[in-house]
Amino acid sequence: MGQDPDANQRTAEAATPATGSRLDSYVDRYATRTHGMTASEVRSLFAVASRPEVVSLAGGMPNISGLPMDVVGSLLNNLIEKRGLTALQYGSGQGDPRLREQICEVMSATGVRGHPDDVTVTVGSQQALDLVTRIFIDPGDVILAEAPSYVGALSTFRSYQAEVVHVEMDDEGLIPDRLREAIRAVNASGRRIKFLYTIPSYHNPAGVTLPAERRTEILRICRQEDLLIIEDDPYGLLGFDGEVPRAMRADDDEGVVYLGSFSKTFAPGFRVGWTLAPHAVREKLVLAAESSVLCPPTFSQLAVSEYLSGYDWRGQVKAFRELYRERRDAMLGALSDLMPEGTHWTHPSGGFYVWLTLPEGLDTKAMLPRAVTNRVAYVPGTAFYADGFGSRSMRLSYCYPTPERIREGVRRLAQVVEQEVELRTAFGASTSSRRPGLDAPAPDQS
């Protein structure tokens, strides 16, 4: 039998996938909205930052070592013994009625007067962000957000193909005049603004807090422009000066959708958050939530409910405030002692974060591999901008490491910064592009 000279060629062609050398053979089948889905710079740091030899000033993990685990364990044991058949079953798509009543009590500490019927329990406040974006955003719609802004929100907005327009901040948060300018510019371009997203209290990542007079002015602007506000308030109870900032929702129950979470004031592992929305909006949120998860986990909700009713949660929040205040003081002290001249940072009065800005010409993203080599991690500022700016800045988190580790981490970071300054002096400034006024929220100079 004669040999077919084309047999090898045909065999090779049959073995070659129609998509050629693509790593993902489904790339042409995905929805258009997936094109903007990328891993955040925070997520990409987790593997490195979790190494024991690295001082991580990157992640915003709550320090749950301050929780009385024996009390929590007892509460959970009682929950299973007494209400196990309910706790392990499906529940309401809107959330457990008793927990919604307790959420209203928690919110009252910020001045918010809510009704349980207008509360929707979510799987963490991240799901609340997703639901709000889903029911309001069409592709191409504009969302106004502070510059910088929470990386998880930016990721969600991107996934729904929204266009984020940043509004400048200073050391007191969102600047009302810049908000007016942004609204005028977007309206003049013919685009449609759907809402303003803001974290007014102990901002993530900037660490700044919007004063009462600015909150009032921003509410006034948004009423005049018929602009909805999404107020994200995960840190509102974690201030270091005793007084809880009054939420914007407390002064406008029709123009503000309020997002809250137990991740920072109890434990993130339960993944329980909520929205408080005007009644009509709440209806849409519940429908969106049911299509997403059917119902939030009953066990987690009842565990949080048992904690709120069976333990001094206010006293625990006070203990958390003291723990985080000690760590904040350690970081600010170390920055003041160790950082080179020309470095600026914010001075948070609550929450988890400091926003650090380096001297001209330095790039925190380019510097990160050298920092990790020096066994310290942070999040580059570009992660918190939708437009790629923030290259001189970084977010430092003080919530998780001990004060001693914080100081050691800052010492290692200062060494890297000093080396970068020396390189810049020797070889010239970085050519990375930067928009004046947006790299940092004009932090206090230290």
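Is glutamine 161 buried, exposed or partly exposed? The legends below take that up along with several other close-ups, each drawn from a predicted model.

**Figure 1. The whole protein, for orientation.** Before zooming in, here is the overall picture: the predicted model has 13 helices and 14 strands. Of its 446 residues, 54% are buried. Take the contacts between residues at least 6 apart in sequence, and 77% of them turn out to join residues at least 24 apart.

**Figure 2. Glutamine 161, in the loop between H6 and strand E4 (163-170).** To settle the opening question, glutamine 161 is partly exposed, because its relative accessible area is 29%, and partly exposed covers values between 20% and 50%. The backbone is worth a look here too: glutamine 161 is not a glycine, yet its phi is positive, at about 60 degrees.

**Figure 3. Helix H5 crossing helix H9.** Two packed helices are described by the angle between their axes and the distance between the axes. For H5 (residues 124-136) and H9 (residues 279-293), the axes come within 9 Å and cross at roughly 115 degrees. H5 and H9 are therefore roughly perpendicular to each other, since that label takes in angles from 65 to 115 degrees. As for handedness, the H5 and H9 crossing is right-handed. On the H5 side, the residues that meet H9 are Gln127, Leu131, Val132, Arg134, Ile135 and Phe136. H9 brings Val281, Lys284, Leu285, Ala288, Ala289, Ser291, Ser292 and Val293 to the contact. Sorted by class, the contact of H5 with H9 has nine nonpolar residues, three polar and two charged.

**Figure 4. Serine 263 and arginine 271, in the loop between E8 and E9.** This loop runs between strand E8 (256-261) and strand E9 (273-276), and serine 263 is found in it. With a relative accessible area of 4%, serine 263 is buried, because buried means under 20%. Arginine 271 sits in the loop between E8 and E9 as well, but is partly exposed, with a relative accessible area of 32%. The side chains of serine 263 and arginine 271 are joined by a polar contact of 3.1 Å. What else is serine 263 in contact with, leaving aside its neighbours within four places in sequence? Besides Arg271, the list has Pro62, Pro268 and Val272. Arginine 271 also has a backbone quirk: its phi is near 55 degrees, a positive value in a residue other than glycine.

**Figure 5. Two cis peptide bonds, each leading into a proline.** In one view, the peptide bond from alanine 147 to proline 148 is cis, with omega near 5 degrees. Proline 148 lies in the loop between strand E3 (142-147) and helix H6 (151-159). In the other view, asparagine 204 leads to proline 205 through a cis bond with omega near 20 degrees. Proline 205 belongs to the loop between strand E6 (193-198) and helix H8 (212-224).

**Figure 6. Arginine 192 beside aspartate 141.** Arginine 192 is in the loop between helix H7 (176-188) and E6. How far from aspartate 141 is arginine 192, going by C-alpha atoms? Along the chain they are 51 residues apart, but the C-alpha atoms are separated by 5.6 Å. Not counting residues up to four places away in sequence, arginine 192 touches Asp141 and Val142. Arginine 192 is exposed, because its relative accessible area is 55% and exposed means over 50%.

Notes
Residues are numbered from 1 along each chain as its sequence is written. This is a predicted model: local features need pLDDT of at least 70, side-chain atom pairs count only at pLDDT 80 or more; totals for chains, interfaces and linings use all residues. Side-chain values use heavy atoms; hydrogens and water are left out. Axes are lines fitted to C-alpha atoms, for helices over the stretch in contact, and angles run from 0 to 180 degrees between N-to-C directions. Helices (H or I, at least four residues) and strands (E, at least two) are DSSP runs, numbered from the N terminus. Angles under 35 degrees count as roughly parallel, over 145 as roughly antiparallel, 65 to 115 as roughly perpendicular and the rest as oblique. A crossing is left-handed if the near helix is turned anticlockwise from the far one by less than a right angle, and right-handed if clockwise. Contact means heavy atoms within 4.5 Å. Ala, Val, Leu, Ile, Met, Phe, Trp, Tyr, Cys and Pro count as nonpolar, Asp, Glu, Lys and Arg as charged, and the others, Gly among them, as polar. Buried means under 20% relative accessible area, exposed over 50%, partly exposed in between (1.4 Å probe, protein chains only). A polar contact is a pair of N or O atoms within 3.5 Å; within protein, one must be able to donate a hydrogen and the other to accept it, and residues adjacent in sequence count only if both atoms are side-chain atoms.
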